[in-house]
Structure formats: C-alpha cells, structure tokens
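User: Please take a close look at the interior packing of this model, and set what you find against the chain as a whole. I would like one connected account, with the cut-offs behind each term.

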Amino acid sequence: MPVTSLILTDSPITLNRVTPSGLEPISPLWLRERTQDPQQLDALTCQRLFDSHRIDPDLTLSSAQPLSPTHTELSFSDGHVEVYDLEALAVELDGDSTFPDAIAWDSRIDQTAQRFDWQKMGDNEAFHQALSAYLQRGYIILTGVPTDPERILEVGRHFGYVKETNFGRYFEVYSRPAGNDLAYRSVALGPHTDNPYRSPVPGIQLLHCLINETHGGLSTLVDSIKVLDVLRHEQPEGYELLRTTPVGYRFIDAGTELTARRCMIRTDADGQPVGVHYSPRLDSLPYLSPARTRLFHLARQRLGELFADPAFEIRFQLNAGELMLFDNNRVLHGRTAFDTQEGRRHLQGCYLDSDGPRERFATTLIKARQEAGEPALTEESYV
C-alpha cells in the first residue's frame, strides 16, 4: 500500500486509511500498540516492554505533526509521543507477508519444478528455493538422499522439528500382514491425510524411499485447495456442512486408542480453505437430521470423487534415494497397489510440526540479508 493511502484529518485528530468506500479511521489503540520506541520495545526480541492490554480504552490522539512524506509524529492522550513510519503501518494494514502465498495446482503442475537436490540444501539460496516451492504448492521431492537407516531424521531436522508419535520418531513402510495400519500392506491406498485422530494433527510428512524393486506402488498426491474450490462452487451447502460440522476420527490397535473431533475442511482466519482432514478409513458420519446427513454424505462423496479424479492427481515412482515432503493438512497422498513377488519396497516415514519450513524460510532471508550487508529483518517483517 502506498503511503498516500494514509491521511490525517482534524476534529478529532485521526489517521485514516483510504478505501474505495471512503476514509477509514485507524484506532489510536491500534497505533499505540505498534510502538517502535526503543524504550518500549526490546531491540533484540522485538517484544513489547509494557503491557498493551492495560492501555486506556478511551485513548485518543492529542496531536499529529507530519515530518516528511513517510514519517509523522503522533502524540497520545496517555503522554506517549513517537515518530511513526507510515510505510511500515501501510504494509501491515495491507497484510503483506514475507512468506510466499499458496498456489493451487492440479495434474498439469510442472513436477520438475518441485524436485530439488538434497546435496545442495546446505546452500542458502538452494534451500530458500526449495522452501519457497514447498510453501507455495505444499510438497517437494528431494533427490540424492542417502539410503542409510535414519537419514530421514537428518532431513527432517533440516526442514523443521521431528514429531514423535506412537509410531516412534520414524516408521517403516513395507509389506507386513500383521501391521497395525493398511499402509503396511501391499494394497492400494486412496488419497488421504494422516492421523486426523491426533491432537494436534502432524503438519508435515516425509516419506523416504530406501528400496523399490517393484513396478507398482506409485505415489499419488492431490492438492486439496484446488479441489475445495471446485466443491465450493458445485455444492455450496454441502461445502459449508463439511467446513462447520465436526467429524469423529478414531485409531485403535492392540496398545493404543486415539480419537478426535474436527471439521473435514480447514479454513484460515479469513474463512478461506487451506486444507482438509480426510481419511475414509478412520472417520464417521456426524449425528445430524436425516436430510442434513444425506447432504453431508453427498458432499463428502463428491469430495472423494474429486480427490480420485485424474485431473487433480499426480502419480510418480518414488525411487531409492528420493524423498517426498508434503503438507499433511493440505496435500493428500496415496499409493497404487504393488506385487510383493516382484521385489522389495521399503520406505521410511516421519512427521514434522507445521511451523518448521516457515521458520527456516525466514532464516534464509536473514542469512541473505547478512551476506548482502543489509540490516536484519525484525519481527514485523513476518506478518
């Protein structure tokens, strides 16, 4: 947002934001809380040195003195006086973010653009590009990953924080008839997200191929954001039911039982879809009226049809030394069936918390600025 979109007016003294419908006054409380005064903001942590919750609710601006096109001195009724950077205020009001926006995709995605060499992830720029691709499209494929045991944990720690579960720090994926999940069989697995029965749900999944001597077992991925846009237009009422009605999920084996209730469609603070909790093997219909149950089921059924539609799905062979890393709450994964008589197929998997890649992305920006001799970014740069 250009600084010309912030205008001062008198009677009462107000800093305004220009909108298509006219001037929009900015609350003095909002302005006071965004102090950059070194006496009120810690320089190292960018954390406030005062309790903003105790500001007088009737706070007003007592005076405003423009000093330049980009800076204005504001005086508040509590006695605080500070020169505000209007450009910084405008950026925050506009909601600009240093992080890349999500880009929805379907089967036409350029899969080569999502592939990166693990051996180059120690280079800041190469790591930045891989993180950008992940944050935009929700998955990447790493090549050249050594196939020694537990290498997946090293990769996981490079991208974030490994989440230990009842499956351990990592888990083995190969055919074993007595396994406590269908992922450990050779059957086909439809598109799904992992562990919707857990609180919190694992944010990211890694699957590292150690051995693949079969022709089947193709990995599949689907971007739920693209599919949800279609469902919202086709069945708006059903979409709303899936978005607002909690569903029960349950996992049970000989030593563990985990349950949770959450909505199938995930939205952000602005109500925009950002992902799903989807696992037909683990969910159960909510208790609704017969008519609403039918509507819920029709929407759920259509969602499953779209997830299985080749127009939205990509399929690829994950070969030895390749690792896929994907947003478990956005990108659904699956697998075609394979024949264990053809040879061995052995993958290792683990989970990460969601915030790791965003934190690592911010670190790559800081390193790039340091290498260029520029000042470090502050907390306000990551709104």
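Analyst: Of the 383 residues of the protein, 45% count as buried, where buried means under 20% relative accessible area, exposed means over 50% and partly exposed lies in between, with a 1.4 Å probe and protein chains only. This is a predicted model, in which local features need pLDDT of at least 70 and side-chain atom pairs count only at pLDDT 80 or more, while totals for chains, interfaces and linings use all residues. Residues are numbered from 1 along each chain as its sequence is written, and side-chain values use heavy atoms, with hydrogens and water left out.

The protein has 8 helices and 22 strands, taken as DSSP runs numbered from the N terminus (H or I over at least four residues for helices, E over at least two for strands). Its C-alpha trace spans about 80 × 60 × 40 Å along the principal axes. Of the contacts (heavy atoms within 4.5 Å) with a separation of 6 or more, 71% are between residues 24 or more positions apart.

In soluble globular proteins, nonpolar side chains tend to be buried together. Here the largest nonpolar core holds 42 residues, a core being a set of buried Ala, Val, Leu, Ile, Met, Phe, Trp, Tyr and Cys residues joined through side-chain atoms within 4.5 Å. Those that touch the most other members are Tyr-139, Leu-221, Leu-242, Met-264, Leu-303, Phe-307 and Met-324. Helix α7 (residues 290–307) gives the most to this core, with 5 residues. Apart from this core lies another, of 28 residues, which includes Phe-99, Leu-131, Val-155 and Ile-204. Leu-242, seen one residue at a time, touches Leu-231, Cys-263, Met-264, Ile-265, Phe-296, Ala-299, Arg-300 and Leu-303, when residues up to four places away in sequence are not counted.

Val-155 also belongs to the buried set of α4, together with Ile-152, Leu-153, Gly-156 and Phe-159. These residues lie on the same side of α4, because they cover an arc of only 160 degrees around the axis, the arc being that of the directions from the helix axis to the C-beta atoms. Arg-157 lies in helix α4 as well, and its C-alpha atom is separated by 8.5 Å from that of Leu-352, although the two are 195 residues apart along the chain. Arg-157 touches Val-162 and Arg-360, again leaving out residues up to four places away in sequence.

Just before α4, Glu-150 sits in the loop between β8 (139–143) and α4 (151–159). Glu-150 has a positive phi of about 70 degrees although it is not a glycine, and it is partly exposed, with a relative accessible area of 36%. Most residues other than glycine have a negative phi, and most peptide bonds are trans. Both departures meet in the loop between β1 and β2, where Ser-11 is found: Ser-11 has a positive phi of about 55 degrees, and the peptide bond from Ser-11 to Pro-12 is cis, with omega near -5 degrees. At 73% relative accessibility, Ser-11 counts as exposed. A further cis bond, also with omega near -5 degrees, runs from Ser-199 to Pro-200, and Pro-200 has its place in the loop between β11 (189–192) and β12 (204–212).
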